[in-house]
Amino acid sequence: MVKKDNLVTDDKSFLFNDLMLAIKKDLMYMVYQPQYDLKINKIVGVEALLRYTSKEYGVVRPDVIADLFQEEGLMSALDLYVIRKVFEDYETLLNFSFVNRDNFTISINISGNSLNKSLFLEKVLNLCEEYNIENKYIVWEITERELYDKEDLLELSNNIDIVREKGFKVAIDDFGVGSSNLSLLNEINVDFLKIDRCFLKKSDKTKRILKGIVQISSSLGVLTVGEGAETKEHTILLKDIGCDYCQGYYFSRPKSLIELEEY
Ligand code: G
Ligand code: MN
């Protein structure tokens with residue numbers, strides 16, 4: 001498996017070429033991890049996750065792929081590739097018997113930089129038209145780290161407002177890995193806060209912080225998603241503190257469309 005920290009420069013450029021070729025030949029694929037409503041124990045969404053197994057390098061983690069494309073200034077191209085792949089699966093996903101169309105979302109990870117490019121948004125809207133997408137089903141996930149780093153947060157905040165006005169939803173992803181900057185909730189308007197799994201693994205104190213985050217988020221009308229719940233205890237904790245949704249190995253690993261069909 002290719003991890004971030006053991007890549008040297010030579011490896012990097014070979015791996016990047018391998019990845020470019022994989023995109024050209026469409027060798028990457030999507031898996032979908034279900035999200036559950038903790039009150040009704042039902043699936044209310046899926047997160048689309050990119051997967052690629054290279055003949056040469058084995059499993060290449062999506063964050064490694066994203067980092068390389070970011071370095072090459074090709075993040076938006078990767079985002080658009082992923083979006084198209086998810087849109088290709090859109091009809092199949094919405095037609096699964098476990099889907100309640102009144103309350104279902106498909107989350108897609110994109111970079112905040114992409115959202116700040118008007119050409120990117122234009123391309124996304126064209127893809128939506130091409131694939132007959134109803135915007136309300138799509139959630140754009142942007143990581144907290146990226147939002148925190150942003151000098152142009154105001155611009156991003158405006159662009160988030162624009163996509164939400166078009167009916168899309170927006171999530172802050174991996175909340176807690178960075179600075180857990182709650183004032184972000186003041187600066188940008190989002191629909192979901194996805195709380196990083198690191199909060200589930202630590203002390204009593206962390207659990208109280210987790211509870212506080214959920215309370216603040218809920219009082220602002222932002223739905224909370226607990227990520228990385230691997231055990232029954234994690235799930236009970238999330239439910240007890242009033243977290244809305246939950247995503248993690250305890251309920252389900254990311255699955256291919258064929259595996260989801262059997263749900
Ligand atoms: O950062 P983001 O939430 O987009 O990343 C989701 C990643 O976390 C995926 O690669 C997925 O396979 C992984 N993941 C999903 N659920 C769990 C879990 O319960 N435990 C761990 N360790 N990883 C998980
Ligand atoms: Mn995510």
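## The largest pocket

β1 (29-37), β2, α2 (62-71), α3 (75-94), β5 (138-143), α6 (144-149) and β6 are the elements that each contribute at least two residues to the lining of the largest pocket. The structure described here is a predicted model. The volume of the largest pocket is about 1600 Å³. Its lining consists of 45 residues, of which Leu49, Pro62, Asp63, Asp173 and Asp174 lie closest to the centre of the pocket.

Sorted by class, the lining of the largest pocket comprises 21 charged, 16 nonpolar and eight polar residues.

## Ligand 1 and its surroundings

Where does ligand 1 sit? Ligand 1 is placed in the largest pocket. Two elements, β2 (42-54) and β6 (169-175), give two or more residues to the shell around ligand 1. Of these, β2 provides the most, with three residues. Both β2 and β6 are also among the elements that supply at least two residues of the lining of the largest pocket.

There are 15 residues around ligand 1, and those that come nearest are Glu47, Asp174, Glu227, Glu230 and Tyr249. Asp174 is also one of the residues closest to the centre of the largest pocket. By class, the shell around ligand 1 holds seven charged, four polar and four nonpolar residues.

## Polar atoms beside the ligand

Which residue has a side-chain N or O atom 2.4 Å from an oxygen atom of ligand 1? That residue is Glu227, which is also listed among the residues that come nearest to the ligand. In the case of Tyr249, a polar backbone atom lies 2.8 Å from an oxygen atom of ligand 1. Arg197 is placed with an N or O atom of its side chain 3.3 Å from a nitrogen atom of the ligand.

On its own, ligand 1 has 520 Å² of accessible area, and the protein covers 80% of it.

## The second largest pocket

The second largest pocket contains about 160 Å³ of space. Its lining is made up of Asp18, Leu21, Ala22, Lys25, Leu27, Tyr52, Thr53, Ser54, Lys55 and Glu56. The elements that give two or more residues to this lining are α1 (9-24) and β2. Thus β2 appears here as well as in the lining of the largest pocket.

The residues that line the second largest pocket divide into four charged, four nonpolar and two polar.

## The enclosed cavity

Empty space left between atoms can be found by rolling a probe the size of a water molecule over them. How many cavities of 30 Å³ or more are counted in this model? The count comes to one. The largest cavity has a volume of about 40 Å³.

The residues lining the largest cavity are Gln35, Thr105, Ser107, Val139, Glu141, Ala171, Phe192, Lys194 and Val225. Two or more of the lining residues come from each of β4 (105-109), β5 and β7 (192-195). By class, the lining of the largest cavity has four nonpolar, three polar and two charged residues. One of these elements, β5, also supplies at least two residues of the lining of the largest pocket.

Note on methods
Residues numbered from 1 in each chain as written. Chains lettered and ligands numbered in written order. Predicted model: local features only at pLDDT ≥ 70, side-chain atom pairs only at ≥ 80, totals over all residues. Heavy atoms only, no water. Near = heavy atom within 4 Å. Polar contact = N/O pair within 3.5 Å; in protein donor to acceptor, adjacent residues only side chain to side chain. Areas by Shrake-Rupley, 256 points an atom, 1.4 Å probe, with all protein chains shown as cover. 1 Å grid on protein atoms, 1.4 Å probe; cavity = no way out; pocket = protein on both sides within 12 Å on 5 of 7 lines; lining within 4 Å. Sits in = over half its atoms within 2 Å of the grid points. Helix = DSSP H or I, 4+ residues; strand = E, 2+ residues; numbered from the N terminus. Nonpolar A, V, L, I, M, F, W, Y, C, P; charged D, E, K, R; others polar. Points joined across faces, edges and corners; volume = space filled by probe spheres on them.
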